[in-house]
Amino acid sequence: MKPASFRYVAPPTLEDALIAKAEYGDDAMFLAGGQSLVPAMNFRLSEPAVLIDINTITDLPPIHTDATTGELRLGARTRHRDLQYMPDIGAACPLLREAIVHVAHPQIRNRGTLCGNLSHADPASEMPAVMLALDARMRLASISGERWVAARDFFEGIYTTACREDEMLVEVAIPAAAPRSATCFLEVARRPGDFAMMGVAVAITLDTAGRCEDARLAYCGAGDTPVLATGAADILTGSVLTEDAIAAAAAQASREIAPLGSIHAGADYQRHLAGVLTRRAVPIAFRRVAGEIE
Amino acid sequence: MSAGTVKVVTRVNGIEYEREVEPRLLLSDFLRGHLDLTGTRVGCEHGVCGACTVQVDGLPVRSCLMFAVQVNARDVSTVESLAAPDGTLHPLQQAFRDRHALQCGYCTAGILMTMSAFLADNPTPDEAAVREALSGNLCRCTGYQHIVDAVLDVAGSPQRERPE
């Protein structure tokens with residue numbers, strides 16, 4: 001099928017784009033990478049009357065590190081490819097680097113954008129779970145102003161975010177890594193590039209005594225939204241990361257997620273995978289803090 | 001809502017074109033229907049099969065997931081750009097012939113545009129890297145073995161070990 005007709009708007013500035021969005025409201029959608037939107041339009045699952053192309057905007061912020069906060073700032077033009085090939089991404093955000101190669105395929109990553117992917121909020125997508133694990137925050141802008149929303153408040157439901165009708169997700173801010181912290185991303189998919197049957201993004205911080213000071217375990221393919229398993233994290237926090245503690249956290253995480261099941265994996269199998277991936281990912285992150293592995 | 005048409009000025013395979021198109025016209029349909037460049041195939045129209053892959057500003061992308069209006073002021077390369085004007089095949093195309101890397105040929109254009117860009121960035125890949133790069137293109141005929149062989153041939157990389 002071919003997409004339905006629409007009016008095409010090519011704004012030169014962010015302000016022009018936001019004015020257009022305010023004018024057209026829900027009749028308009030932003031076109032960023034188009035790697036989720038255009039398939040929906042080709043199926044006519046989505047028929048926006050207006051497309052506002054953000055690729056013509058010249059004043060979106062480039063990727064940069066905030067000098068004051070140390071946050072890694074990723075603007076709405078940031079494509080997945082840009083993250084994958086950023087020269088210092090391994091140092092700046094190893095979790096992003098580890099997860100990005102699982103996002104779809106190279107051709108999709110060449111166009112798809114991080115902010116577009118987050119705005120689309122597919123529960124199987126890797127990046128929303130990564131943002132939860134990183135405790136990122138999202139900058140939403142409209143002609144009335146802008147506001148920040150924490151990642152944990154951004155994903156409200158299936159394909160639904162906190163973004164209001166007149167807002168655009170213009171930037172994501174990822175906090176600088178704490179000392180004695182490390183991350184790990186693992187997923188299981190039938191073939192490279194497929195949506196994950198289950199994926200986990202882990203971030204742990206140890207105190208000076210080597211006990212877990214903070215843990216964030218975020219799952220994709222785990223329900224209507226990415227799931228931050230706070231109960232599992234509580235089991236790890238304050239503990240030495242023994243095999244038993246990790247196994248208990250993994251079991252708890254399996255109970256906290258609400259996987260939907262699909263033709264590729266039943267919900268029970270997805271819960272099983274969550275446990276397996278947790279038991280693998282946490283030790284990897286722990287050994288990375290210890291400097292034992294990369 | 002009536003769309004009207006939008007002017008697009010784009011360079012495709014080195015030639016500049018100026019056309020008036022509906023915004024909803026997909027790049028794949030623009031190339032095939034408006035420019036008569038039918039080498040690019042259309043398969044799934046939702047980005048998973050790879051048959052429609054072309055290069056925009058040198059990067060392999062799904063032409064079924066872009067609108068023609070989006071290549072305004074951009075450079076597009078399709079499979080027609082690979083062979084020389086005198087008909088001499090691109091080394092990758094020649095390797096595909098030599099290694100029987102196509103049968104029906106439907107996936108071939110998309111794979112050539114993916115792998116020619118891949119080899120430009122990765123001149124000496126191993127088999128694992130080739131298979132990873134190929135993972136965004138589906139082939140129903142060949143089982144991928146000979147495609148991998150052809151790419152490794154062009155790279156001058158060692159072939160995989162297999163019984164004769």
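Q: What is a pocket, and what counts as its lining?

A: A pocket is an open set of grid points with protein on both sides within 12 Å along at least five of seven lines, and lining residues have an atom within 4 Å of a point. The model here is predicted. Its second largest pocket is lined by 30 residues. Those nearest the centre of this pocket are Pro94(A), Leu134(A), Ala177(A), Ser181(A) and Thr183(A).

Q: How much space lies in the second largest pocket?

A: The space in the second largest pocket comes to about 680 Å³.

Q: Which elements supply the lining of the second largest pocket?

A: In chain A, helices H4 (89–92), H5 (94–100) and H8 (126–134) each supply at least two residues of this lining. Strands E11 (181–188), E12 (198–206) and E13 (212–220) of chain A each do so too. H5(A) gives the most, with 4 residues.

Q: How do the residues of the lining divide into nonpolar, polar and charged?

A: In the lining of the second largest pocket, 16 residues are nonpolar, 6 are polar and 8 are charged.

Q: How is the size of an interface often given?

A: It is often given as the accessible area lost when the parts come together. In this structure, chain A and chain B bury about 2600 Å² between them, with 58% of that area on carbon and sulfur atoms. The contact takes 34 residues from chain A and 31 residues from chain B.

Q: What can side chains of opposite charge do when their charged atoms come close?

A: They can pair. Between chain A and chain B the count is 2 salt bridges. A salt bridge joins the side chains of Lys2(A) and Glu45(B), at 2.4 Å from N to O. The interface of these chains also has 8 residue pairs in polar contact, both residues being at pLDDT 80 or more.

Q: Which elements of chain A give two or more residues to the side that touches chain B?

A: They are strand E1 (7–9), helix H2 (37–42), strand E3 (50–53) and helix H6 (106–109) of chain A. H2(A) has the largest share, 4 residues. By class, the side of chain A that touches chain B has 18 nonpolar, 9 polar and 7 charged residues.

Q: How many salt bridges does a search of the whole structure find?

A: The search finds 21 over all chains. In chain A, the side chains of Arg288(A) and Glu98(A) meet in a salt bridge at 2.9 Å, N to O. This pair links distant parts of the chain, 190 residues apart: Arg288(A) is in helix H12 (residues 267–289) and Glu98(A) is in helix H5 of chain A.

How values were computed. Residues numbered from 1 in each chain as written. Chains lettered and ligands numbered in written order. Predicted model: local features only at pLDDT ≥ 70, side-chain atom pairs only at ≥ 80, totals over all residues. Heavy atoms only, no water. Contact = heavy atoms within 4.5 Å. Buried area = accessible area lost by both parts, 1.4 Å probe. Salt bridge = Lys/Arg side-chain N within 4 Å of Asp/Glu carboxyl O. Polar contact = N/O pair within 3.5 Å; in protein donor to acceptor, adjacent residues only side chain to side chain. Nonpolar A, V, L, I, M, F, W, Y, C, P; charged D, E, K, R; others polar. 1 Å grid on protein atoms, 1.4 Å probe; cavity = no way out; pocket = protein on both sides within 12 Å on 5 of 7 lines; lining within 4 Å. Points joined across faces, edges and corners; volume = space filled by probe spheres on them.
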